[in-house]
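Subject: Structure handover

Hello,

Here is the structure I said I would pass on. My notes on what was found in it follow below.

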Amino acid sequence: MVTGRNENLTGRIRLGMVGGGNDAFIGGVHRIASRIDDQYELVAGALSSTPEKSRASGEALGLPRIYDDFKQMAIREARRKDGIEAVSIVTPNHVHYEAAREFLKRGIHVICDKPLTSTLGDAKKLVKAAEASDALFILTHNYTGYPMVRQAKAMVEAGDIGKIRVVQVEYPQDWLTIEQDFKQAEWRTDPTRSGAGGSTGDIGTHAYNLACFITGLEAEELAADLEAFVPGRQVDDNAHVMLRFNGGAKGMLWSSQVAPGNENALRIRVYGEKGGLEWAQEDPNYLWFTPFGEPKRLITRGGAGSGEAAARVSRIPPGHPEGYLEGFANIYTEAARAILAKRTGAAVDADVVYPTVADGLKGVTFVDACVRSSKRNAAWVKL
């Protein structure tokens, strides 16, 4: 993760978007997130895989400049004095690498949806492209932007739960329990566009990233049992993964999109020598902290016991829910601080946090290892 903070942000960042047309859920999410703290102005887009759909979506949004494809957009925007400074890439996974590369090599900052790419080979190439560019690369693992996730991370770093022994993280959904006939399901269950991982790539990467973010640990080995329960499905819709972290901690990860009764039930439990932490995405303002041998304590966003790490990514008084959109907005605003610092040549302070291309590579490596392990009957494999 990159860290740093800049206050008194001034001057909107000119933003472009690749993907995210009228019928794409995630495009709307990113547009809302970019506007919440008023740091970006969306001025250009290549919003669909066809010129006709791209133009229709761009006109509906009132964009000043609409392009047929992302390469045309990258070339022309880089030549303009008022061209975009950053681009948001919200396409299906298989487009991420080529689109990001075109903007990175022209010095345009990239804000990319997860997972990083659809294949490990493309992920490694994208890391090299980002390292060779002067532009920043931000990956939108939005759950790292939740205030109480930041609180949990700070408490782990402060030693409040001691040396970590056990990490349990799960992300069950139910929306793919039966075969679905709409765009989001169609590309997410197609390995040529989503990648080899189904639930592992779509939501398992979120769970894995969250576990690593809060604990500061990295997995060294894993054993995965992946299954496609829906007949004819070509990618996994359920995964059970055992993890061995550096330092000796052990972990369990469950991702499923065929668990009736679960909507977006991302949940993490971390246990150390001195205590434990629990957080659930569907109840995001609350963090449970249990020092060993003492009663369970509830820490609320903005309440007693909640520290600066949570406060700096909170907007409204305690008791009012902050969640999914605000988490995305926090990543966009952290990115804005870094981009504006880059624009002015200022140093980035020490407490801005956003996921980078390196975090994206870890996620794709996780998916690749899960697939390899499952093909070997859940054998242990190294990451």
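Helix H12 lies across S9, strand S10 (238–245), strand S11 (250–256) and S17, and H12 runs at about 60° to S9. Please keep in mind throughout that this is a predicted model.

The strands just named belong to an open sheet of nine strands with mixed pairing, in the order S15-S14-S13-S12-S8-S11-S10-S9-S17. Strand S15 (297–300) and S17 are at the edges with a single partner strand each, so one side of each has no neighbour in the sheet. At the S17 end, strand S9 (residues 219–227) is joined to S17 by two bridges, and these strands run antiparallel. Glutamate 221 has lysine 382 in S17 as its bridge partner. Helix H6 (residues 147–157) also packs on this sheet, where H6 touches strand S8 (164–172), strand S13 (275–280), strand S14 (286–291) and S15. The direction of H6 makes about 25° with that of S14.

Elsewhere in the nine-stranded sheet, S8 and S11 run parallel and are joined by seven bridges. One pair there links glutamate 170 with tryptophan 254 in S11. S11 also pairs with S10, in the antiparallel sense and over seven bridges; leucine 243 has glycine 251 in S11 as its bridge partner. S10 and S11 form a hairpin with four residues between them, and glycine 247 in the turn has a positive phi of about 90°.

A positive phi also occurs at asparagine 377, near 60°, in a residue other than glycine. Asparagine 377 sits in the loop between helix H12 (357–375) and strand S17 (381–382).

The model also has an open sheet of six strands, with parallel pairing and the order S4-S3-S2-S5-S6-S7. The edge strands here are strand S4 (65–66) and strand S7 (137–139), each pairing on one side only. S7 runs parallel to strand S6 (residues 109–112), and three bridges join them. Isoleucine 111 has isoleucine 138 in S7 as its bridge partner. H11 lies across S2, strand S3 (40–46), strand S5 (86–90), S6 and S7, at about 125° to S2.

The loop between S6 and helix H5 (120–132) contains proline 115. The peptide bond from lysine 114 to proline 115 is cis, with omega near -10°.

Now the open and enclosed space. The largest pocket has a volume of about 1,000 Å³. Its lining is made up of 48 residues, and Ile26, Val90, Gln184, Trp187 and Arg188 lie nearest its centre. At least two lining residues come from each of strand S2 (13–19), helix H1 (25–36), helix H2 (51–61), H7, H9 and helix H11 (324–344). Which element gives the most to this lining? H7 does, with five residues. By class, the lining of the largest pocket divides into 18 nonpolar, 17 polar and 13 charged residues.

A search of the whole structure finds two cavities of 30 Å³ or more. The largest cavity has a volume of about 50 Å³. The residues lining the largest cavity are Asn93, Pro115, Trp187, Arg188, Ser194, Gly197, Gly198, Gly201 and Asp202. Helix H7 (183–188) and helix H9 (199–215) are the elements that give two or more residues to this lining. The lining of the largest cavity has two nonpolar, five polar and two charged residues. Pro115, the proline of the cis bond, is thus listed in this lining as well as Trp187 and Arg188.

The second largest cavity holds about 30 Å³ of space. Its lining consists of Leu176, Arg188, Thr189, Gly198, Ser199, Asp202, Val235, Asp236 and Gln257. By class, the lining of the second largest cavity has two nonpolar, four polar and three charged residues. Arg188 is in the lining of the largest cavity and in that of the second largest cavity.

Last, confidence. The mean pLDDT of the protein chain is 95, and 97% of its residues reach 70 or more. Over residues 4–8, however, the pLDDT is below 50. Beyond near neighbours in sequence, the stretch 4–8 has 21 contacts in the model.

Regards

Notes. Residues numbered from 1 in each chain as written. Predicted model: local features only at pLDDT ≥ 70, side-chain atom pairs only at ≥ 80, totals over all residues. Heavy atoms only, no water. 1 Å grid on protein atoms, 1.4 Å probe; cavity = no way out; pocket = protein on both sides within 12 Å on 5 of 7 lines; lining within 4 Å. Points joined across faces, edges and corners; volume = space filled by probe spheres on them. Nonpolar A, V, L, I, M, F, W, Y, C, P; charged D, E, K, R; others polar. pLDDT = per-residue confidence, 0-100. Contact = heavy atoms within 4.5 Å. Pairing = 2+ DSSP bridges. Axes fitted to C-alpha atoms, helices over the stretch in contact; angles between N-to-C directions.
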